[in-house]
Amino acid sequence: FGPLRADLQTGLRFTKYGAVLLDSNSNTESPNTTTPSLTDDPNFDPFRVEGPPTQRWLASSRLQFSGPQIGKSFLDNKVARYSGDIKHILEPVIAFTFNTKNGLTGIFPRFDETDTNPGVRNSVVGERSVEFMIKQHLFGRPDSNSTYIHIARANLSIKYHFDSFISPGGKIKQGWTSIKSDIDIEPSRNLRLSYKYLDSEGSTDRSISTDLALRESTRFNLAFFTAGINQLHIRQRGIKTGGLHCMLDDKLRFQFEVNYDFERKTFTQSQVALAYVGPCVAYSIRYYHIAISGITLLGKEDRVDFALNLRNLGELFSSEIGGMFSKLFK
């Protein structure tokens, strides 16, 4: 039996918008309704940010209780080609999330995580919820003279919302909203296989991915996925690949990511980043491309971001250079 543990995470975010939506990007019907939201109307474009300027304050908190962990060891096992000791650990978790509300939530743009999930642990504005989770861990070692290493882990969670809130898909929701599970298998320190499942807002998202460490300074990942309608209202079925390469003793980092949609037969999202990481401050420049043709009046967006991050303490400064580097065209 393991110990009980409590974690408290808090956050305060301020966002200033130069302009907001002209109309509410949410379903004004009662919670859990099946009536299409305004964003389902082809005559309503949720990306036309032509409203007045405004600002948003958000206080967010999450209190999580874990344990007690329950474990059992199985010694001297011989399964297929594996020989050694196995330890299985089961850990129950309950977490409470409390975020402040905002009466203007429906008119805020929904382009990225800052807009749609601005709270701690990617929670939404006005969320008051409880999450039940079961974590399972599987460790292994060849003999009693070696230390245990992580072989596999599996998590299953379900969330209940006490108050109504506007989901990232633009609908008003309340009650039981999502079931999420993920499985990670690590047969070696250099390879990880993952399966993720999410059932939310009437859509199911699945992804199968691999993460490979070619050497200590280089990682490569590959994923096949089906994605439900996200904040850009795009359902994708495709492949995602990316990687990270560290140079100069991990001071210089190069990172890339590419998404290819099988249905649209196009690269829907790509980004390339170069960062210099110091002892306390990290400087980065990132090129970001997204294609949303056929969804709104906007065809593509190309953006360059410059960011200065205070390491482990959150983002200190982030500036989007839009006038010179951003192009929006049909």
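Strands, buried residues and one cavity

Me: Where does Ala 307 sit?
Reply: In this predicted model, Ala 307 belongs to strand E15, which covers residues 300–310.

Me: And is Ala 307 buried or exposed?
Reply: Ala 307 has a relative accessible area of 17%, and because buried means under 20%, Ala 307 counts as buried.

Me: How far is Ala 307 from Ala 275 in sequence, and how far in space?
Reply: The two residues are 32 residues apart in sequence, while their C-alpha atoms lie 9.2 Å apart in space.

Me: Staying in E15, what does the side chain of Arg 303 make a polar contact with?
Reply: Arg 303, which also has its place in strand E15, makes a polar contact through its side chain with the side chain of Asp 305, at 3.2 Å. Arg 303 is itself buried, with a relative accessible area of 14%.

Me: Different spot now: which strand holds Thr 268, and why does Thr 268 count as buried?
Reply: Thr 268 is found in strand E13, residues 266–277. Its relative accessibility is 3%, so Thr 268 counts as buried, given that the cut-off for buried is under 20%.

Me: Which residues does Thr 268 touch?
Reply: Leaving aside residues up to four places away in sequence, Thr 268 touches Gln 236, Asn 259 and Asp 261, and also His 289, Ile 290 and Ala 291.

Me: Let's go to E7. How many bridges join E6 to E7, and which way do the two run?
Reply: Strand E6 (residues 149–166) and strand E7 (residues 172–188) run antiparallel and are joined by 12 bridges; within this pairing, Ala 152 stands opposite Ile 185 in E7.

Me: What about E7 and E8?
Reply: E7 pairs with strand E8 (residues 191–200) in the antiparallel sense as well, over nine bridges, and a hairpin through two residues joins E7 to E8. As one example of the bridge partners, Ile 179 has Asp 199 in E8.

Me: Last topic, cavities: how many of 30 Å³ or more does a search of the whole structure find?
Reply: The search finds one cavity of 30 Å³ or more, and the volume of the largest cavity is about 50 Å³.

Me: Which residues line the largest cavity, and how many are nonpolar, polar or charged?
Reply: The lining consists of Arg 56, Thr 105, Phe 108, Arg 110, Asp 115, Thr 116, Pro 118, Val 124, Val 125 and Ile 166. Sorted by character, the lining residues of the largest cavity comprise five nonpolar, two polar and three charged.

Note on methods
Residues are numbered from 1 along each chain as its sequence is written. This is a predicted model: local features need pLDDT of at least 70, side-chain atom pairs count only at pLDDT 80 or more; totals for chains, interfaces and linings use all residues. Side-chain values use heavy atoms; hydrogens and water are left out. Helices (H or I, at least four residues) and strands (E, at least two) are DSSP runs, numbered from the N terminus. Buried means under 20% relative accessible area, exposed over 50%, partly exposed in between (1.4 Å probe, protein chains only). Contact means heavy atoms within 4.5 Å. On a 1 Å grid over the protein atoms alone, a cavity is a set of points where a 1.4 Å probe fits but cannot get out, and a pocket is an open set with protein on both sides within 12 Å along at least five of seven lines; lining residues have an atom within 4 Å of a point. Grid points are joined across faces, edges and corners, and a volume is the space filled by probe spheres set on the points. Ala, Val, Leu, Ile, Met, Phe, Trp, Tyr, Cys and Pro count as nonpolar, Asp, Glu, Lys and Arg as charged, and the others, Gly among them, as polar. A polar contact is a pair of N or O atoms within 3.5 Å; within protein, one must be able to donate a hydrogen and the other to accept it, and residues adjacent in sequence count only if both atoms are side-chain atoms. Two strands pair if DSSP finds at least two bridges between them.
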